[in-house]
Amino acid sequence: MAVLHLAVERRLPSLTLTVTEDLALDGITALFGPSGSGKTTLLRIIAGLDRDATGRVALGDDVWQDDARGAFVPPHKRGVGYVFQDARLFSHLSVAENLRYAERRSRTQRLRIDFDDVVASLDLAPLLDRRPAGLSGGEKQRVAIGRTLLTRPRLLLMDEPLAALDAKRKAAILPYVERLPEAFGVPIIYVTHAIAEATQISARMVLLSGGQVSATGSVTEVMERLDLYPMTGRFEAGAVLTTQVAAHDPSFMLTNLDLAGQRIVIPALDLPLGTEVRLRIRARDVTLATEKPSRISIRNILSGTVAEVAEEADTAYAEVLVDLGGAHIRARLTRHAVADLALAPGRPVFALIKSVAIDRRMIAAGAGGIAIEEDV
């Protein structure tokens, strides 16, 4: 596993970025945070594209920048691939020619990534004879990712590559991105300000806010922290649960998921029994009760214990973290509800979640994954 060593500073008119971190790069690491938090600036520093940054950058034993010693490796010698928000394809070349151009320039690289494998992994075969002008936005980005892979990078940096696409096209492309580390052995740092993207494809998250690293860790760990909710987003804040497909109910088009012995019912998934499914459940979609309700339409009633309560001073709101037997879920309530129910750490509660409110993000067991498009 490669380790990226960062000890850098970059002063900008509106922000001073200061990052001192050792990041273990395994699979996809989401670099997440609000707009203006320094995500793109940090990515450019890693790539060597921002010469005004000071400090030290190293991948393993390879030092790319060390101002104390006057060392600086230019971008083209770092073995880093960079996917931008816009595809930046050569308009006068076909898709195949765009890909071959990158392949020819990387033949001396140690990492071997095969042209045919890239085409197959990104489903580019139907596009090879076409020019960029005849491609959709999503198709252009798939080609751009393929071309960057064929530079045979040691590290792939992706700077909000789907920001210009609508939700449907994003959902179609994310599974391709998700499979890349395992298919080609290349770790990815993926910049996004969309929490749904970060939780769907990444195993680890680095949270940036105001030019500082506010948290690092697994996606589940970061999303569970109540102290981070202003940065993870009040509206979209929530927790990530890892479940398995336990049963299907074709008569009502439902799927039952198992969460440590408790059942979660969601609209039907066309997946085999035992498939691992990761759910992002928003705190605003969770209701708490101190007694188990009956004769209600909500299908998901999970028993747990209050682990933490965080009240927002000078507002009406509070967040409650509930332990579901090792997994955790968040609920966004009013402070009045917290007081009325006497919610405090150790208090047994029931978490209620509407099946139609669950924002599903699935990772299949084994290689690859499948995006599940949501309209809720």
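**Figure 1. Helices α2 and α4 are roughly parallel to each other.** This is a predicted model. Helix α2 covers residues 95-105, and helix α4 covers residues 137-149. Their axes come within 7 Å and cross at roughly 25°. Angles under 35 degrees count as roughly parallel, so α2 and α4 fit that description. The crossing of α2 past α4 is right-handed. From α2, the contact uses Val95, Asn98, Leu99 and Ala102. From α4, Val143, Gly146 and Arg147 take part. By class, the residues of this contact are four nonpolar, two polar and one charged.

**Figure 2. Helix α4 also packs with helix α5.** Helix α5 spans residues 167-184. Two packed helices are described by the angle between their axes and the distance between the axes. Here the angle is about 15°, and the axes are 10 Å apart. That makes α4 and α5 roughly parallel. Their crossing is right-handed. On the α4 side, look for Gly138, Gln141, Arg142, Ile145 and Leu149. On the α5 side, look for Arg169, Ile173, Tyr176, Val177, Leu180 and Phe184. Seven residues of the contact of α4 with α5 are nonpolar, two are polar and two are charged.

**Figure 3. Six strands form an open sheet with mixed pairing.** Read the strands in the order β7-β8-β9-β3-β10-β11. The edges are β7 (80-83) and β11 (212-218). Each has a single partner strand, so one side of each is left without a neighbour in the sheet. From one strand to the next, the twist averages 15°. Strand β3 (residues 28-32) pairs with strand β10 (residues 204-209) in the parallel sense, over four bridges. Within this pair, alanine 30 of β3 stands opposite methionine 205 in β10.

**Figure 4. Strand β8 is largely enclosed by the rest of the structure.** Five of the five residues of β8 are buried. In a regular strand the side chains alternate between the two faces of the sheet. Leu155, Leu157 and Asp159 point one way from β8. Leu156 and Met158 point the other way. β8 pairs with β7 in the parallel sense over four bridges. Valine 80 has leucine 155 in β8 as its bridge partner. Four bridges also join β8 to β9, and these strands run parallel. Methionine 158 has tyrosine 190 in β9 as its bridge partner.

**Figure 5. Helices α1 and α4 lie across strands of the six-stranded sheet.** Helix α1 (residues 39-47) lies across β3, β7, β8 (155-159), β9 (188-192) and β10. It runs at about 150° to β8. Helix α4 lies across β7 and β8. It runs at about 170° to β7.

**Figure 6. Five strands form an open antiparallel sheet.** The order is β2-β1-β4-β5-β6. At the edges stand β2 (15-25) and β6 (71-72), and each pairs on one side only. Strand β1 (residues 2-12) and strand β4 (residues 54-59) run antiparallel and are joined by six bridges. Leucine 4 stands opposite leucine 59 in β4. Helix α1 lies across β1, β2, β4 and β5 (62-66). The helix runs at about 120° to β1. Helix α1 therefore appears in two views: it lies across strands of the five-stranded sheet and across β3, β7, β8, β9 and β10.

Definitions and conventions: Residues numbered from 1 in each chain as written. Predicted model: local features only at pLDDT ≥ 70, side-chain atom pairs only at ≥ 80, totals over all residues. Heavy atoms only, no water. Axes fitted to C-alpha atoms, helices over the stretch in contact; angles between N-to-C directions. Parallel < 35°, antiparallel > 145°, perpendicular 65-115°, else oblique. Left-handed = near helix turned anticlockwise from the far one by under 90°. Contact = heavy atoms within 4.5 Å. Nonpolar A, V, L, I, M, F, W, Y, C, P; charged D, E, K, R; others polar. Pairing = 2+ DSSP bridges. Buried < 20%, exposed > 50% of the residue type's maximum accessible area, 1.4 Å probe, protein only.
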